[in-house]
Amino acid sequence: MKEKLQALLDEARVEIQAANGLKELEDLRIKYLGKKGEVTLVLKNMKDLTPEERPLIGKIANDVREAIESLLDASKDDKKGLEIENQLNREAIDVTMPSKGMPRGHKHPINVALDEIIEIFLGMGFKIAEGPEVETVYNNFDALNAPVDHPSRSLSDTFYITDDLILRTQTSPIQVRTMKSQKPPIKVIAPGRCFRNDEIDATHSPMFHQIEGLVIDKGITMADLKGTLDMFAKRLFGSQTKTKFRPHYFPFTEPSGEVDVSCFKCGGEGCRFCKYSGWIEILGCGMVHPNVLEECGIDSTVYNGFAFGMGLDRVTMLKYEIDDIRVLFENDIRFIKQF
Ligand code: DAH
């Protein structure tokens, strides 16, 4: 029995050394020391021994048991370290690998144009004003001197939320908000999203963008209006750009006009872009109507001013030679990336 135990220890030592991983070590522990393990079996057979032999063999068996246990423990520690090392190696991050790359977004062409326009006006001393897209009928129409029967008020042109609330059809209500909350001198531009019940086609979208401008001070004249907008056009479209002021009608300005710029594509000779007229319309403008000043709490005998409003989408399309407004709002990164 003594030999048997000795042989078991030798056998266990060899197997433990050859064991591959913690799972195999556990299997070996069960094989030798488990309830039905080999060493356990030897101990169970002790009853067949003579009383003299028993303590002797008992001691050897216990020694063998302890020896196997410590061999297992030692090997377990080694294997654990090795396994951690293997795991670390397996999961190591190779910082030299090229990354998969997160596709980056791109500034939308409307924002590229807007930022350029903002930069031009900031350079002329304007500040930025803002207003909500959901506006009161009062701010969008009444305070702007729009007659009660003005066609743009109709349900077919304007998105009504309630009788008194709409999606603003223009950025002009920001004029009202600004004049009611600030004292002159006022010099602001106000970019924003507007909404009209228009069918979508190559030049119309029910959602579009405008940039409003408002200057209020003492002794403002048409010359200030023309000088400001002429300078703006030259900065945005190039120094050789000419401007043309045509009379027009807007309820909130008097006199009112529309501004054309000489076609920056053909220089005024006539091409596809200017529909062979040599001119391109970019905005509406005028001297702020005294009714509007008074409605907003500004004394029209002391102060006056000018206002303008331009279509940002249209300016963007002209600047980048985009001939369909719809592509501006499809958000296809392949398109947006080009600007
Ligand atoms: N709000 C006008 C529109 O949507 C544009 C406009 C014209 C704005 C003249 C102005 C202005 O401030 O003075 O058609």
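Select the ligand and the side chain of Glu212 in this predicted model. A ligand oxygen atom sits 2.6 Å from an N or O atom of the Glu212 side chain. Once free of the protein, the ligand would have 350 Å² of accessible area, and the protein covers 90% of that. Strands E5, E8 (279-288) and E9 (304-311) are the elements that give two or more residues to the shell around the ligand.

Keep the ligand on screen and add Arg196. Here an oxygen atom of the ligand lies 2.8 Å from an N or O atom in the Arg196 side chain. Next add Phe308, and show its backbone. A polar backbone atom of Phe308 is 3.2 Å from an oxygen atom of the ligand.

Now select the whole shell. It holds 15 residues, and those that come nearest to the ligand are Gln170, Ser172, Arg196, Gln210 and Glu212. Colour the shell by residue class: five residues are nonpolar, eight are polar and two are charged.

**The cavity**

Leave Glu212 selected and turn to the enclosed space. How many cavities of 30 Å³ or more does a search of the whole structure find? The search finds one. The largest cavity holds about 30 Å³ of space. Select its lining: Ile174, Gln175, Thr178, Val188, Ala190, Glu212, Gly213 and Leu214. Glu212 thus appears both in this lining and among the residues that come nearest to the ligand.

Show the cartoon around these residues. Helix H7 (173-181), strand E4 (186-195) and strand E5 (207-217) each give at least two residues to the lining of the largest cavity. By class, this lining has four nonpolar residues, three polar residues and one charged residue.

**The second largest pocket**

Keep E4 and E5 in view and add helix H5 (109-123). These three elements each contribute at least two residues to the lining of the second largest pocket. Its volume is about 240 Å³. The lining counts 16 residues, and Ile110, Asn111, Arg193, Met207 and His209 are the closest to the centre of the pocket. Select those five to centre the view. Coloured by class, the lining of the second largest pocket shows seven nonpolar, six polar and three charged residues.

**Strand E7**

Move to strand E7, which spans residues 253-262. Start at Thr253, a residue of this strand. Is Thr253 buried or exposed? Its relative accessibility is 2%, so Thr253 counts as buried. Show side chains here: that of Thr253 makes a polar contact of 2.6 Å with the side chain of Ser256.

Step along to Pro255, also found in E7. Display the backbone between Glu254 and Pro255: the peptide bond joining them is cis, with omega near -5 degrees.

Then select Asp260, which is placed in E7 as well. Asp260 has 6% relative accessibility and therefore counts as buried. Add Arg246 to see the partner of Asp260: their side chains make a polar contact of 2.8 Å.

**A second cis bond**

Go back to the segment that follows H7. Which peptide bond is cis with omega near 0 degrees? Select Pro184 and Pro185; the bond from Pro184 to Pro185 is the one. Pro185 lies in the loop that runs between H7 and E4, and both of these elements supply residues to the lining of the largest cavity.

**Two loop residues with positive phi**

Select Lys275 in the loop between E7 and E8. The phi angle of Lys275 is near 50 degrees, a positive value in a residue other than glycine. With a relative accessibility of 71%, Lys275 counts as exposed, because the cut-off for that class is over 50%.

Finish at Asn331. Where is Asn331 placed? Asn331 is in the loop between helix H10 (312-320) and helix H11 (333-336). Its phi is near 55 degrees, again a positive value in a residue other than glycine. The relative accessible area of Asn331 is 54%, so this residue is exposed.

Notes. Residues are numbered from 1 along each chain as its sequence is written. This is a predicted model: local features need pLDDT of at least 70, side-chain atom pairs count only at pLDDT 80 or more; totals for chains, interfaces and linings use all residues. Side-chain values use heavy atoms; hydrogens and water are left out. On a 1 Å grid over the protein atoms alone, a cavity is a set of points where a 1.4 Å probe fits but cannot get out, and a pocket is an open set with protein on both sides within 12 Å along at least five of seven lines; lining residues have an atom within 4 Å of a point. Grid points are joined across faces, edges and corners, and a volume is the space filled by probe spheres set on the points. Helices (H or I, at least four residues) and strands (E, at least two) are DSSP runs, numbered from the N terminus. Ala, Val, Leu, Ile, Met, Phe, Trp, Tyr, Cys and Pro count as nonpolar, Asp, Glu, Lys and Arg as charged, and the others, Gly among them, as polar. A residue is near a molecule or strand if one of its heavy atoms lies within 4 Å of it. A polar contact is a pair of N or O atoms within 3.5 Å; within protein, one must be able to donate a hydrogen and the other to accept it, and residues adjacent in sequence count only if both atoms are side-chain atoms. Accessible areas come from the Shrake-Rupley method with a 1.4 Å probe; for residues, only the protein chains shown count as cover. Buried means under 20% relative accessible area, exposed over 50%, partly exposed in between (1.4 Å probe, protein chains only).
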